[in-house]
Amino acid sequence: MQMTMAVTYKHIDEMKPWSDKLHMLECISVTPETPDVMTFLFRSTDTNWFRYIPGQFVTLELPVGPEPLFRTYTLSSTPSRPYAVAVTVKAQKNSIGTRWMFDNLKPGMKIRALGPLGDFSYVKHPGDKYLFISAGSGVTPMMSMVRDMCDRAPHSDISFINCSRTPADIVFRHELEYLARYMPNLSLGFIVESCGRTDLWSGLKGFVDKAKIALLSHDFMDRTVFCCGPEPFMAAVSSMLEASGFDMTRYHQESFAPAAPPVAVGETAIEADGEALTTVGFTLSGKDVPCQPGQTVLMTARAAGVRIGAACESGICGTCRVLKLSGEVEMNHNGGILDEDIAEGYILACCSRPLTDVKVEA
């Protein structure tokens with residue numbers, strides 16, 4: 001299917017920025033990157049341009065079944081090219097949302113999206129020179145930042161170490177090598193677990209460790225580090241750097257750990273009369289529900305059969321944002337809500353625990 005963009009240069013002057021509210025996106029291309037990784041490119045159906053910082057993420061509402069599925073993906077595109085956004089996703093064995101995208105999401109299809117959000121970016125944590133360390137699909141925020149730096153500051157000093165299973169699994173390898181021709185201070189290092197008997201591989205083999213990092217980035221101790229990949233990978237890199245005496249204030253990782261551990265019903269004290277300390281009123285559903293101490297607004301909603309969309313449940317993605325009409329909550333989020341939204345009365349239901357009786361628009 002050939003896609004056309006009904007945008008003229010006259011219309012560009014009238015385009016408004018895409019905000020962090022819920023919007024509709026139209027898929028305009030699908031590109032295989034490796035056997036289990038694809039890039040999906042989207043435009044705004046409202047002919048908006050995209051305003052975000054490199055390294056941020058969006059939450060997609062996927063029509064997988066009777067109830068939509070919310071999944072959060074980092075943008076691999078760059079805000080320096082603001083008329084489309086891309087997510088590059090990897091299909092895991094047991095993935096549901098990503099597998100649906102691989103099998104069903106085609107050019108011309110439209111899905112709803114929330115975002116962009118997040119502060120995993122060199123814009124938020126600037127440094128004189130950088131070390132990017134990624135594994136698997138963790139390459140996506142790094143790619144967004146490298147693309148942005150190539151357009152805005154091509155002389156940026158970046159040491160980029162990417163870890164993959166095999167040479168064939170290195171996402172964006174050819175584009176990174178192409179960008180390195182135009183970025184004189186971009187050095188690339190690839191580490192693979194296995195290269196096979198027939199592969200002509202000139203990179204490093206094995207797992208990432210201090211010796212390999214020092215070989216590929218001899219001055220890594222002086223750099224600002226961004227790390228993204230599976231949790232065990234990031235934990236290993238973080239521990240390795242800390243043990244080396246690295247200044248961990250210059251270490252940043254894309255973490256999806258919970259904002260605070262949930263408190264199970266029955267594990268906290270309740271008043272002597274046996275009633276919960278607070279009540280959550282869901283105005284759109286017409287329900288007033290007792291809330292056990294320590295429980296979140298989202299947990300209370302689920303117990304009462306009130307639907308509030310949620311994806312990460314860690315205060316990161318912003319999917320569960322609802323308007324608080326009254327009452328006080330303790331909200332421990334991880335960057336999934338903007339200060340101006342908080343000022344307007346919005347909260348994230350997944351990480352907001354009522355301190356008083358609360359009413360929310362849900």
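Start by selecting helix α2, residues 97-104 (helices are DSSP runs of H or I with at least four residues, strands are E runs of at least two, both numbered from the N terminus). Its buried residues are Gly97, Thr98, Trp100, Met101 and Phe102. Buried here means under 20% relative accessible area, exposed means over 50%, and partly exposed is in between, with a 1.4 Å probe and protein chains only. Now add β3 (37-44), β5 (57-62), β6 (69-74) and β7 (85-90): the buried residues of α2 pack against these strands. A contact is a pair of heavy atoms within 4.5 Å.

Before going on, some housekeeping. This is a predicted model, where local features need pLDDT of at least 70, side-chain atom pairs count only at pLDDT 80 or more, and totals for chains, interfaces and linings use all residues. Residues are numbered from 1 along each chain as its sequence is written, and side-chain values use heavy atoms, with hydrogens and water left out.

Colour by pLDDT next (the predictor's confidence in each residue, from 0 to 100). The chain averages 86, and 87% of the residues score at least 70. Over residues 1-5 the pLDDT is below 50, and this stretch has seven contacts beyond near neighbours in sequence. Residues 257-276 are also below 50, with 34 such contacts in the model.

Zoom out for a moment. You're looking at eight helices and 21 strands, and 50% of the 362 residues are buried.

Now jump to α6, residues 231-243. At 1.5 Å a residue, its 13 residues should span 18 Å, and the end C-alpha atoms are 18 Å apart, which agrees; the expected span is 1.5 Å times one less than the number of residues. Show the side chains of Phe233, Met234, Val237, Ser238, Met240 and Leu241, the buried residues of α6. They cover an arc of only 165° around the axis, so they sit on the same side of α6 (the arc is taken from the directions from the helix axis to the C-beta atoms). An α-helix has 3.6 residues a turn, so residues three or four places apart point the same way. Flip to the face turned away from the buried side and you'll find the exposed Pro232, Glu242 and Ala243. What do the buried residues of α6 pack against? Select β9 (130-135), β10 (158-164), α5 (210-216), β13 (224-228) and β14 (251-253). Just after α6 comes Gly245, with a positive phi near 85°.

Next stop, the largest nonpolar core, with 26 residues. A nonpolar core is a set of buried Ala, Val, Leu, Ile, Met, Phe, Trp, Tyr and Cys residues joined through side-chain atoms within 4.5 Å. Phe132, Met142, Val146, Phe160 and Phe226 have the most contacts inside this core. α3 (139-152) is one of the elements giving two or more residues, and α3 gives the most, with seven. Centre on Val146: leaving aside neighbours within four places in sequence, its contacts are Phe132, Ile158, Phe160, Leu176, Leu179, Met183 and Leu186. Apart from this core lies another, of 24 residues, among them Val280, Ala304, Val322 and Ile347.

Then pick β10 and β11, which run parallel and are joined by seven bridges (strands pair if DSSP finds at least two bridges between them). Ile161 stands opposite Gly189 in β11. Five of the seven residues of β11 are buried.

Finish at Thr278 in strand β15 (278-282). Buried or exposed? Thr278 is buried, at 8% relative accessible area. Its contacts, again leaving aside neighbours within four places, are Val289, Pro290, Cys291, Pro354, Leu355, Thr356 and Asp357.
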